[in-house]
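Subject: Structure for your review

Dear colleague,

Please find below the structure I promised to hand over. A short account of what was found in it follows.

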Amino acid sequence: MQIRTCHSITTQTLPQLPCSSRKAHHRHLLPPLNAAVSAAPFKARKAHSMPPEKKEIFKSLEGWASEWVLPLLKPVEQCWQPQNFLPDPSLPHEEFSHQVKELRERTKELPDEYFVVLVGDMVTEDALPTYQTMINNLDGVKDDSGTSPSPWAVWTRAWTAEENRHGDLLRTYLYLSGRVDMAKVEKTVHYLISAGMDPGTDNNPYLGFVYTSFQERATFVAHGNTARLAKEGGDPVLARLCGTIAADEKRHENAYSRIVEKLLEVDPTGAMVAIGNMMEKKITMPAHLMYDGDDPRLFEHYSAVAQRIGVYTANDYADILEFLVERWRLEKLEGLMAEGKRAQDFVCGLAPRIRRLQERADERARKMKKHHGVKFSWIFNKELLL
Ligand SMILES: [Fe+2]
Ligand SMILES: [Fe+2]
C-alpha cells in the first residue's frame, strides 16, 4: 500500500492533475497525531530512487559546487541576527519595557488572520531539524561525518545555520507581541518535529534539489507577502524583518536552482524527469503534518487563511512553476530522450492548466458561497471565517 500525505498549500482549491502514477495521488491529510506516533505508512516508499552510479555525478561536481554554490552563503560576520530586530534586553529595565511596549503598539492593528499565518510560517521555519535531516538523507550529497569538508555538506550546514535565525526571530517577535498563545504554538512545533515530513524526494538528490528550489521560492513569496501586509497594517519593523528573511530565501532559491540548472546541463534527461516527477506529485509544503493537539486539519485551515489573505495562494504556486520553467529554460531544452521529452511536455504545459483549474474551482466556490468558522488555538481559540 502506498500512502502519501500531500497537502500542498494549494490543495484547498487545486484539483488533481493527471499523472502516470495514479497510486501516488491518493493523498489525504493523515491526522498528524497518527503520523507523529507512527511512521509506518511511509515505509513503502521507494527509499533510494537514484541509480547508485549517479552518485559519481555529484562527486564530479564538487569543484563546481565550491565555485558556484558556496559563494551564495553569507559570511557569519556579515549576517543579520535576530537581535538586530528585537528589543534590547541589555538596556535598563524601563528602556527595554518601552521597546516592548512600542512593539505591542505597532502590532496591535494587525488582524488575527495575519497572526495565524505568521505563526504557521514560524512553525514551518522552526521544524528545521526535519529539513536538515531530509537533505542529509540525499544520496551523494549527505554530510557523512557531521563535519565533512565536501562542498555539499558545507553548504547544508551553513544553509541550516542561516535558516535557524528565521524561526528564532519570528518566534521571539510573536512572543513579545502578546497576540498569540505561545504554549499552543510551542506544542505545535513539538508535534511537527516529531511527525517529520514526506516531500516525496526518495533520498534522491535530483528530486531533493527540485523540491528545495521550489520550496525556497515559495517561502520567498510568502515572507515577502507577510512583509507587505505588516507594512500596510502599521508595523514597519515587522515588515523589515519579514523582508529580510525573504531575501535569505531568495539567495537560497538561487543556490538550489543553480544546482538543478547544472544537472540539466550534465544529465538533461535525468534532471528533466526529476522535475516532471516532483511536479506530478505536487510540491508538498514542509509543514503539512502540523498539529496543535486540537485541530487534526490544522494545516488545511492555516493554508486556507494564507490563501484568503494573499500570503500564499494557488496562483503563487503556478507563478513559481512558470518562473522555474523560464529560469531553467525548460521549453528550449534539447537532447532529451523519450521520457525526458514527455516530462518536458508535461511540465511546460502545467502552469496554464493549474490556472484554468483554479479559475473553475474559484467559480464553484463563489457559487456555493459557503463560509464556515474555524477556531485556532494559536490565537486563544478565536474563530476565523474560512
Ligand atoms: Fe526560512
Ligand atoms: Fe528557506
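A donor is an N, O or S atom within 2.8 Å of the metal, and water is not among the atoms, so sites may look incomplete. The model is predicted, and the account concerns its two iron ions, ligand 1 and ligand 2, which are 3.4 Å apart and are both coordinated by Glu163.

The iron ion (ligand 1) has protein donors from Glu125, Glu163, His166 and Glu249, at 2.1 to 2.4 Å. Glu125 is listed with two OE entries, while His166 contributes ND1. Along the chain, these donors follow the spacing E-x37-E-x2-H-x82-E. The pair Glu125 and Glu163 links distant parts of the chain: Glu125 belongs to helix α5 (residues 112–126) and Glu163 to helix α7, with their positions 38 residues apart in the numbering. Both Glu125 and Glu163 are buried.

Turning to the iron ion (ligand 2), its protein donors are OE atoms of Glu163, Glu216 and Glu249, lying 2.0 to 2.1 Å from the ion. The sequence spacing of these donor residues is E-x52-E-x32-E. Here the pair Glu163 and Glu216 again joins distant parts of the chain, 53 residues apart: Glu163 sits in helix α7 (residues 151–177) and Glu216 in helix α9 (residues 205–232). Glu216 is buried, as is Glu163.

Glu249 also appears among the donors of the iron ion (ligand 1) and among those of the iron ion (ligand 2).

Yours sincerely

Technical notes: Residues numbered from 1 in each chain as written. Chains lettered and ligands numbered in written order. Predicted model: local features only at pLDDT ≥ 70, side-chain atom pairs only at ≥ 80, totals over all residues. Heavy atoms only, no water. Donors = N, O, S within 2.8 Å, 3.2 Å for Na, K, Ca; no water. Helix = DSSP H or I, 4+ residues; strand = E, 2+ residues; numbered from the N terminus. Buried < 20%, exposed > 50% of the residue type's maximum accessible area, 1.4 Å probe, protein only.
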